[in-house]
Each structure stands twice: as C-alpha cells, then as structure tokens.
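Dear colleague,

Please find below the structure that I am handing over to you. My account of what was found in it follows directly after.

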Amino acid sequence: MKPFSIENRPELATYLSGFFLALLLTLLAFGIVCAQTGIALQPISFVLGRFPQGAERLREMPHWLVISGIFVLAVLQITVHLWYFLHLDFSPRQRMKVHAILFSLCIMFIIICGTLWIMQDLGNQMSPISSGR
C-alpha cells in the first residue's frame with residue numbers, strides 16, 4: 001500500500017490550491033472593505049499597519065473604484081470555484097455545462113434588470129408631483 005501523499009492524490013492538490021486562492025481573494029476583499037471603512041480588526045490592523053501609506057491611499061480612493069475592485073475580486077472568486085471545485089473548463093465534454101451556466105446567468109440578468117426597471121418605474125409613478133412653487 002502506498003503512503004498518503006499529495007503526489008498520489010492530484011485532485012487533493014487541486015482542491016487545496018483552489019481553497020487557498022479562494023481564501024486569498026476573500027481576505028483581499030475583506031481587507032479592502034476594512035481599510036475603506038476604517039474598521040479596526042486585529043489581524044487586518046496588523047497587516048495594514050505595516051503599510052500605512054497604502055492603507056491611507058486606499059481610504060482616500062473613490063467609492064466607485066473600491067466597489068469595482070470588490071466586483072472584480074468576486075468574479076475571480078466565482079471563476080476559482082467553477083474551475084477548481086466544479087472542474088468546469090472549456091473542453092468539449094464540459095461544453096453543455098458551460099452553456100447551461102451561461103443560460104442561467106442570462107435568465108438571472110433578465111430577472112434582476114426587469115425587477116429593477118419595474119421598481120424604478122413604480123417609484124417614479126408613486127412619488128408626489130411637485131407644484132414647482
């Protein structure tokens with residue numbers, strides 16, 4: 001019987017690298033939010049204390065840029081989960097799964113945009129009309 005090692009279990013190495021990438025992306029997003037809002041958590045304060053200029057520059061960044069950065073990290077997080085944990089790639093065997101996920105994303109986009117459109121329209125119709133005086 002072979003001894004247990006990562007070489008004998010290549011899928012374990014894949015799962016571990018996916019886990020650490022997902023953990024890194026989560027900590028990056030969490031650190032950005034903590035630095036932007038000024039929340040002083042002990043581990044985050046320790047790391048940000050080592051780079052005071054970087055933390056100050058991050059605090060001065062516009063909110064739209066911070067939100068965009070967190071959105072990019074979220075997309076990368078989704079990609080890591082799909083690639084490492086669901087083993088989804090662009091091979092011919094996986095093409096139907098990719099199409100199903102893309103179709104689901106399109107339906108979700110339509111539902112979310114339609115809901116926001118209806119809510120915006122209802123908000124405009126329900127708001128009081130100003131007399132202009």
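Met-61 sits in the loop that joins helix H3 (52-60) to H4. In this predicted model, Met-61 has a relative accessible area of 33%, which means that this residue is partly exposed, as that class runs from 20% to 50%. Beyond its neighbours within four places in sequence, Met-61 is in contact with Gln-36 and Val-66. Gln-36 lies 25 residues away from Met-61 along the chain, and the C-alpha atoms of the two are separated by 8.1 Å.

As for the overall arrangement, the protein has five helices and zero strands. Its pattern along the sequence therefore reads α-α-α-α-α, each helix being a DSSP run. The protein has 133 residues, of which 14% count as buried. Where contacts link residues at least 6 apart in sequence, 56% of them join residues at least 24 apart.

Much of what follows concerns H4. This helix has 23 residues, and the distance from its first C-alpha to its last is 32 Å, close to the 33 Å expected at 1.5 Å a residue. Its buried residues are Val-66, Leu-73, Gln-77 and Val-80. In general, an α-helix has 3.6 residues a turn, so residues three or four places apart point the same way.

Gln-77 deserves a separate word. It is found in helix H4. Is Gln-77 buried or exposed? Its relative accessibility is 17%, and Gln-77 counts as buried because that value is under 20%. If residues up to four places away in sequence are not counted, Gln-77 touches Ala-22, Leu-25 and Thr-26.

Two of those contact partners, Ala-22 and Leu-25, also appear in the largest nonpolar core. This core has nine residues in all: Ala-22, Leu-25, Ala-29, Ile-32, Ala-35, Leu-58, Val-66, Leu-73 and Val-80. Helix H1 (10-37) and helix H4 (63-85) are the elements that give two or more residues to the core. H1 gives the most, with five residues. As background, nonpolar side chains tend to be buried together in soluble globular proteins.

H4 also takes part in the second largest pocket. What lines this pocket? The lining consists of Phe-71, Ala-74, Val-75, Ile-78, Thr-79, Leu-82, Ile-101 and Leu-105. H4 and helix H5 (95-126) each supply at least two of these lining residues, and H4 gives the most, with six. By class, the lining has seven nonpolar residues, one polar residue and no charged residues. The space in this pocket comes to about 220 Å³.

Finally, the stretch after H4 contains a residue that you may wish to view. His-87 is placed in the loop between H4 and H5. Its phi is near 55°, a positive value in a residue other than glycine. With a relative accessible area of 36%, His-87 is partly exposed, because this figure falls between 20% and 50%.

To recapitulate, H4 contributes to the largest nonpolar core together with H1, and H4 and H5 both contribute to the lining of the second largest pocket. The two loop residues described above, Met-61 and His-87, are partly exposed, whereas Gln-77 counts as buried.

With kind regards

Technical notes
Residues numbered from 1 in each chain as written. Predicted model: local features only at pLDDT ≥ 70, side-chain atom pairs only at ≥ 80, totals over all residues. Heavy atoms only, no water. Core = buried A, V, L, I, M, F, W, Y, C linked by side-chain atoms within 4.5 Å. Buried < 20%, exposed > 50% of the residue type's maximum accessible area, 1.4 Å probe, protein only. Helix = DSSP H or I, 4+ residues; strand = E, 2+ residues; numbered from the N terminus. 1 Å grid on protein atoms, 1.4 Å probe; cavity = no way out; pocket = protein on both sides within 12 Å on 5 of 7 lines; lining within 4 Å. Points joined across faces, edges and corners; volume = space filled by probe spheres on them. Nonpolar A, V, L, I, M, F, W, Y, C, P; charged D, E, K, R; others polar. Contact = heavy atoms within 4.5 Å. Expected span 1.5 Å × (residues − 1).
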